Amino acid sequence: MPIVTPKTDFVAARIPEWQAELKAAIRDPRELGRVLGLPDEFAELGREAIRQFPLFAPRPFVGRIERFNPRDPLLLQLLPTRHENDSNHLFKRDPVSDQAATLAPGVIKKYTGRALLIATGACAIHCRYCFRRHFPYDSSPQGTIQWQNSLAAIRDDTSIHEVILSGGDPLMLNDENLQRLLKLVSEINHVQRLRIHTRLPIMIPSRVTPILIDSIRSIRPVVNIVIHCNHAREIDVDVENAISRLVDHGIPVLNQSVLLRGINDDLHTLVGLSNRLINLRVLPYYLHQLDRVEGAAHFEVPVEVGKQLVGDMRKLVPGYAVPRYVAEVAGECSKSILA
């Protein structure tokens, strides 16, 4: 009697590696604690927090976290804690007034010449300081048909020369849907540039596939990739290779970071990150002051400390390796340059 391979195995074999790694992500604080050698009671500290904002930790990133170290700077970015439930009237659910700047469902226009398109609400990691952790993604377009109204709004506004794909993370779209969205945007004649904001090359570097690179290179608008990396230890050999694949194919890569208490709020860490990025041909673009989102007050670093850190960086690295220290102020026509 012939051996029949179960259909589920056949389907699983066709799933791209990056999607398989997404499916294998850690969602339970107790499992995260076991993987990292942390005591069981440690996981309970954020039990209430995950009811508001679930844990989602991809294993390639978790593999870079130092075991048995509850203060590891990579761990602190994704670990739910009881501090997320602390009340602070200065921290809001919509700290940068995304809702007030909505041009159409899923389209946010704050600055002249640019519009942001929420491509998906899904992310490859749930950063605990995320300024969109309370964003109503259910009201944003979720596919080709729903994108039509969003793209129509961009098409009707001929002042928009740059579209920023954000989310969530636009590279969470599968290849077919991402190709379709890129094509639709590129068909808008007055859109000259496309910016893709993503954490996936850092979180799950296997996402940077030949298909992805071909999709980006095949469209008319100039494409820039903006990654999000806060600490040099987020970059391992696989991340290096993913970034190199992009840059080697002529796709510019920039980085933006968030200044975070206990994670990168020291000179050694910021200088190390900038040097690491420059050596990978990635331009340190922005260092963001934390957006005051509800649940993230414990990450805030005083602005004066940030200014001092950036000033000291200028003494240690070339000017092109010093990110602009910025804050987004709701209602302003551009980001505020702090240093």
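**Close-up 1. Leu270 and its surroundings in helix α13.** In this predicted model, Leu270 sits in helix α13, which covers residues 267–279. With a relative accessible area of 4%, Leu270 falls under the 20% cut-off and is therefore buried. Look around its side for Leu259, Asn264, Leu287, Leu309 and Met313, which Leu270 touches when residues up to four places away in sequence are not counted. Asp86 lies elsewhere: 184 residues separate it from Leu270 along the chain, and their C-alpha atoms are 28 Å apart.

**Close-up 2. Two separate nonpolar cores.** The largest nonpolar core contains 81 residues, and those with the most contacts inside it are Leu32, Leu78 and Val163. A second core, separate from that one, has twelve residues, including Leu287, Ala321, Val322 and Tyr325. Leu287 may look familiar, as it is also one of the residues touched by Leu270.

**Close-up 3. The contacts of Val163.** Which residues is Val163 in contact with, leaving aside its neighbours within four places in sequence? They are Ala115, Leu117, Ile154, Val185, Val191, Arg193, Leu194 and Arg195. Among these, Ile154 is a buried residue of α8, and Val185 is buried in α9.

**Close-up 4. Helix α8 and its kink.** Helix α8 runs over residues 144–156, 13 residues in total. From first C-alpha to last it reaches 18 Å, close to the 18 Å expected at 1.5 Å a residue. Even so, α8 has a kink of about 25°, centred on Ser150. Ser150 is itself buried, as are Trp147, Leu151, Ala153 and Ile154 of this helix. The buried residues of α8 pack against strands β1 (102–104), β2 (107–108), β3 (114–120) and β4 (162–167), and also against helix α9 (175–186).

**Close-up 5. Helix α9 in its setting.** The twelve residues of α9 should span 16 Å at 1.5 Å a residue, and its end C-alpha atoms are indeed 16 Å apart. Buried here are Asp175, Leu178, Leu181, Leu182, Leu184, Val185 and Ser186. Their cover includes β3, β4 and β5 (193–198), together with helices α8 and α11.

**Close-up 6. How α9 meets α11.** Helix α11 covers residues 210–217, and it packs with α9 at an angle of about 10°, the axes being 10 Å apart. Angles under 35 degrees count as roughly parallel, so α9 and α11 are roughly parallel to each other. On the α9 side, the contact is made by Asp175, Leu178, Gln179 and Leu182. Ile211, Leu212, Ser215 and Ile216 make it on the α11 side. Of the α9 residues, Asp175, Leu178 and Leu182 are buried.

Terms used
Residues numbered from 1 in each chain as written. Predicted model: local features only at pLDDT ≥ 70, side-chain atom pairs only at ≥ 80, totals over all residues. Heavy atoms only, no water. Core = buried A, V, L, I, M, F, W, Y, C linked by side-chain atoms within 4.5 Å. Buried < 20%, exposed > 50% of the residue type's maximum accessible area, 1.4 Å probe, protein only. Contact = heavy atoms within 4.5 Å. Helix = DSSP H or I, 4+ residues; strand = E, 2+ residues; numbered from the N terminus. Expected span 1.5 Å × (residues − 1). Bend = angle between axes of the 7 residues up to and from the residue. Axes fitted to C-alpha atoms, helices over the stretch in contact; angles between N-to-C directions. Parallel < 35°, antiparallel > 145°, perpendicular 65-115°, else oblique.
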